[in-house]
Amino acid sequence: YMVLKSLFSDLDVPCFHCNVNEGYLRYTQFRAMKHVTRAALSVLSTQWLSLVSMLILLQSLLFAAGLRHSCTTTAILKDGMQHVGKLICSNWGARMDSEPKRWRLLADVLYDIGTGLELLSPLCPHLFLEMTGLGNLAKGMALVAARATRLPVYSSFSKEGNLSDIFAKGEAFSTLFNVVEIGVGIQLASTICASMQGKLVMGPLLAIIHIYSVSEEMRTILINTLNPGRTAMIVADFLEVILICSTDFSQA
């Protein structure tokens, strides 16, 4: 965190930091941590699933055409679950407008759950389709929730009608750190996480850092719109004031 803080303190983009609300720098720092840990988890799960897929393909070559068809069907069903997750989560779009921070945090939790199921799937070969299917279902829901809440998050930092500028720079930032993240993930996959024991140790640790980064990232965001919780607080305060005023008036 301190390394990222010093890095972003040295980067002084002219006329940009003055056009965003307070907290954008801290938001960007924790977003960088989130991207690094998330990509590392993705590389680990992709590496393990690639190995399993190669074994399935090798096994299918040794059997008849009927089994090859079964393996193809398995792959289609596994990948299709992500689309099912996207369709399910799209039905809750209206709720995401009022609670973007909560849904953004939920999206990353779902993504980590999906990645965890993919990492554990080789340990249960007889449940490979079920575990990877549920993992892809969770990832599909996470992708929709993350994309749907991206605009409200960027809007909270817009200060002078420069939402497009913030959005463009945010996407460029994501692209930049995606390259760094992939390098970190490959390095972990070839060293500490080369074995299953290493993955079981580093996976939960990366997930904890990832969720912590997202929670701190969301703390820097101030949403100026009403949601059910804020509305209930306003109504409760209003009723309390009315009750106090009516009591004072009756005693006068």
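A residue is called buried here when its relative accessible area is under 20%, exposed when that value is over 50%, and partly exposed in between. By that cut-off, 38% of the 252 residues of the chain count as buried, and this tour goes through a predicted model with that division in mind.

**The whole chain**

Begin with a cartoon view of everything. The chain holds 10 helices and zero strands, so that its order along the sequence reads α-α-α-α-α-α-α-α-α-α. Among contacts with a separation of 6 or more, 83% are accounted for by residues 24 or more positions apart. If you switch to a surface, the accessible area comes to about 14500 Å², and carbon and sulfur atoms hold 70% of that area.

**Colouring by confidence**

Next, colour the chain by pLDDT, which averages 76, with 77% of the residues scoring at least 70. Select helix H5 (residues 100–120), where confidence is highest at 89, and then helix H1 (residues 2–10), where it is lowest at a mean of 52. Continue to residues 10–16, where the pLDDT is below 50 and where the model shows five contacts beyond near neighbours in sequence. A further stretch to select is residues 64–69, which likewise has a pLDDT below 50 and has two contacts of that kind in the model.

**Lys 139 and Glu 118**

Turn now to the charged side chains, since a search of the whole structure finds eight salt bridges. Select Lys 139 and Glu 118, whose side chains meet in a salt bridge with an N to O distance of 2.9 Å. Lys 139 belongs to helix H6 (residues 128–148) and Glu 118 to helix H5, so this pair ties together parts that are 21 residues apart in sequence. Are these two residues buried or exposed? Both Lys 139 and Glu 118 are buried, and for Lys 139 the assignment follows because its relative accessibility is 9%, which falls under the 20% cut-off. Show the surroundings of Lys 139 as sticks: leaving aside neighbours within four places in sequence, Lys 139 is in contact with Ser 45, Gln 82, Tyr 111, Gly 114, Thr 115 and Glu 118.

**Glu 171 and its partners**

Move on to Glu 171, which you will find in helix H8 (residues 163–190). Which residues does Glu 171 touch, not counting those up to four places away in sequence? Its contacts on that count are Arg 31, Arg 150 and Tyr 154. With Arg 150, the Glu 171 side chain forms a salt bridge of 3.4 Å, N to O. Because Glu 171 lies in helix H8 and Arg 150 in helix H7 (residues 150–157), this pair ties together parts that are 21 residues apart in sequence. With Tyr 154, the Glu 171 side chain makes a polar contact of 3.3 Å. Glu 171 counts as partly exposed because its relative accessibility is 24%, and Arg 150 is also partly exposed, with a relative accessible area of 29%.

**Arg 219, Glu 216 and Arg 26**

Then select Arg 219 and Glu 216, both of which lie in helix H9 (residues 196–219), three residues apart, or about one turn of the helix. Their side chains meet in a salt bridge of 3.4 Å, N to O. Here the two partners fall in separate accessibility classes: Arg 219 is exposed, with a relative accessible area of 62%, whereas Glu 216 is buried, with a relative accessible area of 14%. Add Arg 26 to the selection, and you have the residues Arg 26, Glu 216 and Arg 219, which are linked in a network of salt bridges. As general background to these charged stops, side chains of opposite charge can pair when their charged atoms come close.

**A nonpolar patch**

For the last stop, return to the surface view and select Val 235, Phe 238, Leu 239 and Ile 242. These four residues form a nonpolar patch on the surface, with about 390 Å² of accessible area together. One of them, Ile 242, lies in helix H10 (residues 228–251). Ile 242 counts as partly exposed because its relative accessibility is 43%, a value that falls between the 20% and 50% cut-offs.

How values were computed
Residues numbered from 1 in each chain as written. Predicted model: local features only at pLDDT ≥ 70, side-chain atom pairs only at ≥ 80, totals over all residues. Heavy atoms only, no water. Helix = DSSP H or I, 4+ residues; strand = E, 2+ residues; numbered from the N terminus. Buried < 20%, exposed > 50% of the residue type's maximum accessible area, 1.4 Å probe, protein only. Contact = heavy atoms within 4.5 Å. Polar contact = N/O pair within 3.5 Å; in protein donor to acceptor, adjacent residues only side chain to side chain. Patch = residues over 30% accessible without salt bridge, like charges linked within 9 Å, V, L, I, M, F, W, Y side chains within 5 Å. Areas by Shrake-Rupley, 256 points an atom, 1.4 Å probe, with all protein chains shown as cover. pLDDT = per-residue confidence, 0-100.
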